[in-house]
Structures are given as C-alpha cells and as structure tokens.
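Trainee: Got a minute to walk me through this one? I'd like to start with how helix packing gets described.
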Amino acid sequence: MKDLGTLGTLAWFFALMSLFAIGGANSAVPEIHRFAVDVQHWMTDPQFSDIFGLAQLTPGPNVIVVTLIGYHVAGLAGALVATLAMCGPTCLLAFYVGRTFDRFRGASWQVALAGGLVPVTLGLTAASAVVVARAADDTRVAVAITVATALMTYWIRVNPLWLFAVAALLGLSGVV
Amino acid sequence: MNHSSPAPRATEAVAAPAPPRLSELFVAYALISLYGFGGVLAWSRRMMVEERRWLTPEQFNEAYALCSFLPGPNIVNFSVIFGSRVRGPLGGLTALVGLLGPPMVLIIVIGALYAHYGDLPSLRRALIGVTAAAAGLIMSTVVKMALPLFRNRAVGGPVIALATFGAIGIAQWPLPIVLVVVLPISLALAWVRR
C-alpha cells in the first residue's frame, strides 16, 4: 500500500484528466501516458502499452484503463481512487447538464445545439471505429472478421456475442 | 409496472412507454459493460434502442451527442443522464454502478493474472480476434445511428458527418483543430434550419 501522497496525486491528476476526455476517455490517454511514464515514473513505456492493451481488450467502457493504472500504482485503493476521480466530477456535471437539458426540452437553442452536435459526433464515432480496426486488424483474417461482423450485424438480427465467440475461437486456434 | 408484454422485434422506430425499474437499469448496464468489447457504444445502442426500446434512434443520438461533448467518458455520462432521467438521482447512480462495477472487478482480476503469468500468446490472439469483430460491430452501429441523419432532407448534417470522419479517421488530423473548424459550422447550420 502506497502512502496518502500517491493516492492524492492519483486523485487530482485523474480529476484533471477527466476534463480533457472530450469525445471519450481515449482522448486523454496521450496526456495520461506522459504523466504516468515520463513525469511520475509509475511505469515503463512497455508496461503502459500492456496496460492500455489489456484495458482495450477487456469488456467495459474504455475508461477502465484508469482503474488498471491506479491498481498498478497503489493497489485496490489506487484503482478505486483513480476511477472515482476520473468519473465522479464529470458524472455530477452530466447529471446537472442533463437535468437542465430536459427542463428546456424543445427550446430553439436546444434544437440547434443537438442538431449541430449530432453530425459531428457521428463523424467522430465512425473515426473511432477505424481506430479500433487499425489496432486489431493486423492480419487478413482479422480484416475479414471485421468486415463480416459489420455486414452481419447490419443486415441480420444476429446476437454479436456469437460472432465474438467465433472470432475468439479463430484467434485461439491461431488462424487470426 | 411489471406488465412485460413481449416486444415486437421487427422495427426499432418506437420506444417503449414504460420507464425501467432500478433493477432493470442495473441489469441492462451491467450487461452493456460485460458485452462491451472495444467500447460500450454499440451495446448501449443495441440495449437501449433495439432490445429494451427505452429510447428512439433519434433520442439516442441526441443524448449520445450531448454526452460526447461533455467532459468525461461518453457512455458513463450517458448512463448517469439516462438513469436520472427515468428514475431520479438514485437511477443515475444505479446505472453508473451497473456500468462501472463489473468491468472494474474484471480488469483488476485480469491485471493481477497478467502480472503473474505475463503474456499468453494464444490468449492475446483470441482477444485480438474479438477486438476485430468489435470493430465491425462499431461500424454497423455507426451506420445505423447515421440513418436518421441521412433520411433528413437537409444536406448539411451528412456533409458535416462525412467531413469530420474523413479529417480524423482517414487524414488523422488532430482532434482539437478539426473540432474548432467543424463545430461552429455545424452549430451555425443547425441554428439556421432549426
């Protein structure tokens, strides 16, 4: 167990980082990398890459990379502090913004705001699909899995978990 | 509250009228998080719009867009906003715990195992296979999300969406610069046609 100073550093740093996470937790990852590896020397570069990779490959919101960094730095307490700091303040903000938004439902500024944000968000999300594909699709079979999953989940009402299971088996058997 | 008639599965145009109970919120978000390889957006939409029908496609897009431009993780914000909209502050907290609790436990276990056993190549290939499939799932989800936008008669929205995708996904320009250019244009267009 590390001292309170380390937990305090985790708390203020990730609370600050949450403000940078616009468009998703991954927007803050370059800055988190710089601070964890270069400034605090909490971990080496390969260790950071491994932690990031594990978080990407574990189901759940991308933000849990922060949980794993906290765990690496200060055990269970670190995992809890880092996650709470990264999510707590912005969740409170989201709560109040959401309430305000609902109160003014239908106001013209709100119609315009939503109408302006939606297309940009869709573009960003499509770009993030390309980013995830670039990370995973390092072989032809992996590319084929991506394309097949995209087509099947679009055209057929198949539960994607079945496709995930097939993809995992193909990986385990060394085909991917 | 609990008159669960089997929902028709063919269309996804109408959201269910009955708001979810706390237990339903928790289970839905726990499932979203545990299915959510490569991020939880695709499973959130599947659960909220296609399976539970708590939101229409347009409502989902609006709430998701709002959350993307608030600081903090998108779907985490989304869970708080949706949960508190249907069940007050306690609903927001329930959705949040459902979304974050299970993967936190999971990743700590995986992290501890990883520290002990290091790199298992076959396991890593299995996870890469799943992530490749997840990338495909995100793609089909984005296309489904974009349908309302492209059905609209206004051309501005689709052009903005495609330009943003091209600048970041293909040209790989820095996010802040793209947003500074694209956001004001998009907001201005939306203000004019509101």
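Mentor: Sure. Axes here are lines fitted to C-alpha atoms, for helices over the stretch in contact, and angles run from 0 to 180 degrees between N-to-C directions. Keep in mind that this is a predicted model.

Trainee: Okay. At what angle do the axes of H6 and H7 of chain B cross, and how far apart do they come?
Mentor: Helix H6(B) spans residues 156-170 and helix H7(B) spans 175-192. Their axes cross at roughly 180 degrees and come within 11 Å.

Trainee: Is that roughly parallel or roughly antiparallel?
Mentor: That crossing makes H6(B) roughly antiparallel to H7(B). Angles over 145 degrees count as roughly antiparallel.

Trainee: Which residues make the contact?
Mentor: From H6(B), Gly156(B), Ile160(B), Ala163(B), Thr164(B), Ala167(B) and Ile168(B). H7(B) brings Leu175(B), Val178(B), Val182(B), Ile185(B), Ser186(B) and Leu189(B).

Trainee: And by class?
Mentor: Nine nonpolar, three polar and no charged residues in the contact of H6(B) with H7(B).

Trainee: Zooming out. What's the secondary structure of chain B?
Mentor: Seven helices and zero strands. Along the sequence the pattern reads α-α-α-α-α-α-α.

Trainee: How is chain B divided into domains?
Mentor: Domain 1 covers 22-151 and domain 2 covers 153-194. The centres of these two domains of chain B, taken over C-alpha atoms, are separated by 25 Å.

Trainee: What fraction counts as buried?
Mentor: Chain B has 194 residues, and 49% of them count as buried. As for contacts in chain B between residues at least 6 apart in sequence, 55% join residues at least 24 apart.

Trainee: Switching to the interface. How many residues does each chain put into the contact?
Mentor: Chain B gives 81 residues and chain A gives 80. On the chain B side, H1, H3, H4, H5, H6 and H7 each supply at least two residues.

Trainee: Which helix has the largest share there?
Mentor: H5(B), with 22 residues of the side of chain B that touches chain A. By class, that side has 56 nonpolar, 21 polar and four charged residues.

Trainee: Last topic, confidence. What are the scores?
Mentor: The predictor gives the complex an ipTM of 0.81 and a pTM of 0.80. Chain B has a mean pLDDT of 85, with 89% of its residues at 70 or more.

Trainee: Where is pLDDT below 50?
Mentor: Over residues 1-12 of chain B. Beyond near neighbours in sequence, that stretch has six contacts in the model. Where pLDDT is low, the predicted coordinates should not be read in detail.

Conventions:
Residues are numbered from 1 along each chain as its sequence is written. Chains are lettered from A and ligands numbered from 1 in the order in which they are written. This is a predicted model: local features need pLDDT of at least 70, side-chain atom pairs count only at pLDDT 80 or more; totals for chains, interfaces and linings use all residues. Helices (H or I, at least four residues) and strands (E, at least two) are DSSP runs, numbered from the N terminus. Angles under 35 degrees count as roughly parallel, over 145 as roughly antiparallel, 65 to 115 as roughly perpendicular and the rest as oblique. Two residues are in contact if their C-beta atoms, placed from the backbone, lie within 7 Å. Ala, Val, Leu, Ile, Met, Phe, Trp, Tyr, Cys and Pro count as nonpolar, Asp, Glu, Lys and Arg as charged, and the others, Gly among them, as polar. pLDDT is the predictor's confidence in each residue, from 0 to 100. Domain bounds come from an automatic or database domain assignment. A residue is buried if 20 or more other C-beta atoms lie within 10 Å of its own, exposed if 12 or fewer, and partly exposed in between; C-beta atoms are placed from the backbone.
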